[in-house]
Amino acid sequence: MLSNWDRRNNLDSRGAHVFREFWRNVDFTETTDDAFDMPFDESDPINTPRDLKITAGTRAA
């Protein structure tokens, strides 16, 4: 489902609800620095953060 998602949150965006529910259930701190292998970088705001860390918490979400 997510592989076909257009990465938008429009009424016809299939998969947006799955992504929303996933993030609602992921247990992370105030920032996403611990959720990604590549944290946010001011010099590369388009491509960061990226590479979600697969942990027991993300699997459960």
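Which residue forms a salt bridge with E21? In this predicted model, the partner of E21 is R24, and the closest N and O atoms of the pair are 2.7 Å apart. Both E21 and R24 belong to helix α1, where three residues, or about one turn of the helix, separate them. Side chains of opposite charge can pair when their charged atoms come close. The two partners fall into separate accessibility classes: E21 is partly exposed, with a relative accessible area of 35%, while R24, at 58% relative accessibility, counts as exposed.

A search of the whole structure finds two salt bridges. Besides the pair in helix α1, a salt bridge links D51 with R50, with 3.7 Å between the closest N and O atoms. D51 has a relative accessible area of 46% and is partly exposed. R50 is likewise partly exposed, at 32%.

The backbone at D51 was also examined. D51 is located in strand β2, and its phi is near 60°, a positive value in a residue other than glycine. A further backbone feature occurs in the loop between β1 (36–38) and β2, which contains P49. The peptide bond leading from T48 to P49 is cis, and its omega is near 0°.

The pocket analysis gave a volume of about 470 Å³ for the largest pocket. Eleven residues line this pocket, and those nearest its centre are W5, R7, F19, W23 and F36. Helix α1, spanning 16–25, and strand β2, spanning 50–52, each contribute at least two residues to the lining. Helix α1 thus appears both in the lining of the largest pocket and as the site of the salt bridge between E21 and R24. Sorted by class, the lining of the largest pocket comprises eight nonpolar residues and three charged residues, with no polar residues.

Helix α2 covers residues 56–60 and includes R59. With a relative accessibility of 66%, R59 counts as exposed. R59 and F22 are 37 residues apart along the chain, and 9.5 Å separates their C-alpha atoms.

Taken together, the results describe two charged pairs, E21 with R24 and D51 with R50, a cis peptide bond from T48 to P49, a positive phi at D51, and a largest pocket lined by eleven residues.

Methods
Residues numbered from 1 in each chain as written. Predicted model: local features only at pLDDT ≥ 70, side-chain atom pairs only at ≥ 80, totals over all residues. Heavy atoms only, no water. 1 Å grid on protein atoms, 1.4 Å probe; cavity = no way out; pocket = protein on both sides within 12 Å on 5 of 7 lines; lining within 4 Å. Points joined across faces, edges and corners; volume = space filled by probe spheres on them. Helix = DSSP H or I, 4+ residues; strand = E, 2+ residues; numbered from the N terminus. Nonpolar A, V, L, I, M, F, W, Y, C, P; charged D, E, K, R; others polar. Salt bridge = Lys/Arg side-chain N within 4 Å of Asp/Glu carboxyl O. Buried < 20%, exposed > 50% of the residue type's maximum accessible area, 1.4 Å probe, protein only.
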